[in-house]
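Colleague: I am new to reading protein models. Could you walk me through this one, feature by feature?

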Amino acid sequence: MRGKELRAVFGKNVKMFRSRRSWSQAELAEYANISINFLGDIERGNKWPHPETLTKLADALEIKVFELFLEEDATFDANTEILISRFVKDVSLTLSKSLSLSVNQSIEYTLKQYQLTETP
């Protein structure tokens with residue numbers, strides 16, 4: 001892969017990871033402490049960031065730097081990302097409900113065991 005192609009892949013990935021977070025260019029630029037114009041140039045493949053800026057972008061996006069260089073076939077597609085996100089939310093909700101039910105049952109059992117009454 002040549003330099004120009006690598007910049008294009010990199011820029012496309014920055015935009016994709018930014019979009020997955022539903023962030024504007026202004027938001028990512030602020031989080032990464034770079035200018036909006038520079039971010040736009042990066043996303044269009046026109047400019048190449050300094051290694052420190054690569055780290056700032058990856059940190060802001062909460063990803064590893066190498067993920068910004070993966071070609072399309074090596075990354076999740078949007079549908080997979082949505083399914084994973086829904087799964088995580090469903091599991092979290094189920095665990096929360098289950099934990100709440102367990103705590104309530106434990107409290108009820110303890111109150112009955114020690115013949116205590118609940119106070120309002």
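Modeller: Happily; we will look at a helix, some charged pairs, aromatic rings and a surface patch. Keep in mind that this is a predicted model.

Colleague: Let's start with a helix. Which residues of helix α4 are buried?

Modeller: To read burial, ask how much of a residue's area is accessible: under 20% relative accessible area counts as buried, and over 50% as exposed. In α4, which spans residues 51-61, the buried ones are T53, L54, L57, A58, A60 and L61. Looking down the helix axis, you find these buried residues within an arc of 165°, so they line one face of α4. On the other side of α4, the exposed residues are P51, E52 and D59.

Colleague: And what covers the buried residues of α4?

Modeller: The cover includes three other helices: α1 (3-20), α2 (25-32) and α3 (36-43). While you are there, step just past the end of α4 to E62, which takes a positive phi of about 55°.

Colleague: Now the charges. How should I think about a salt bridge?

Modeller: Here is the general idea: side chains of opposite charge can pair when their charged atoms come close. Searching the whole structure turns up four salt bridges. One of them joins the side chains of R18 and E43, with 2.6 Å from N to O. This pair ties together distant parts of the chain, as R18 sits in helix α1 and E43 in helix α3, 25 residues apart.

Colleague: Are R18 and E43 buried or exposed?

Modeller: Use the cut-off again. R18 has a relative accessible area of 8%, so R18 is buried. E43 is at 10%, so E43 counts as buried too.

Colleague: Which residues does E43 contact, leaving aside its neighbours within four places in sequence?

Modeller: E43 touches G11, K12, V14, K15, R18 and Q25. You will recognise R18 as its salt-bridge partner.

Colleague: Where else can I find a salt bridge?

Modeller: Try R21 and E62, whose closest N and O atoms are 2.8 Å apart. Here, too, distant parts of the chain are linked: R21 is in the loop between α1 and α2, while E62 is in the loop between α4 and α5 (78-113), and they are 41 residues apart. R21 is partly exposed, with a relative accessible area of 32%, and E62 counts as exposed at 62%.

Colleague: What is the N to O distance between D41 and K47?

Modeller: Their side chains meet in a salt bridge at 3.8 Å. D41 counts as buried at 17% relative accessibility, whereas K47 is partly exposed at 40%. Salt bridges can also share partners, and here they join D41, R44 and K47 into one network.

Colleague: How many aromatic pairs does the structure hold?

Modeller: When you look for these, follow the rings rather than the charges. The structure has four aromatic pairs. F10, W48 and F69 make up one aromatic cluster, so to speak a good place to begin looking.

Colleague: Last one: which residues form a nonpolar patch on the surface?

Modeller: To find such a patch, look for nonpolar side chains that are on the surface. In this model, L99, V103 and I107 form one, with about 260 Å² of accessible area together. Take L99 as your example: L99 lies in helix α5 and, at 57% relative accessibility, counts as exposed.

Colleague: Thank you, I will go back to the structure and find each of these.

Conventions
Residues are numbered from 1 along each chain as its sequence is written. This is a predicted model: local features need pLDDT of at least 70, side-chain atom pairs count only at pLDDT 80 or more; totals for chains, interfaces and linings use all residues. Side-chain values use heavy atoms; hydrogens and water are left out. Buried means under 20% relative accessible area, exposed over 50%, partly exposed in between (1.4 Å probe, protein chains only). Helices (H or I, at least four residues) and strands (E, at least two) are DSSP runs, numbered from the N terminus. The arc is that of the directions from the helix axis to the C-beta atoms. Contact means heavy atoms within 4.5 Å. Rings of Phe, Tyr and Trp (its six-membered ring) pair if their centres lie within 6.5 Å; planes under 30 degrees apart count as stacked, over 60 as edge-to-face and the rest as tilted. Patches are made of residues with over 30% relative accessible area and no salt bridge: like charges are joined within 9 Å, nonpolar side chains (Val, Leu, Ile, Met, Phe, Trp, Tyr) within 5 Å. Accessible areas come from the Shrake-Rupley method with a 1.4 Å probe; for residues, only the protein chains shown count as cover.
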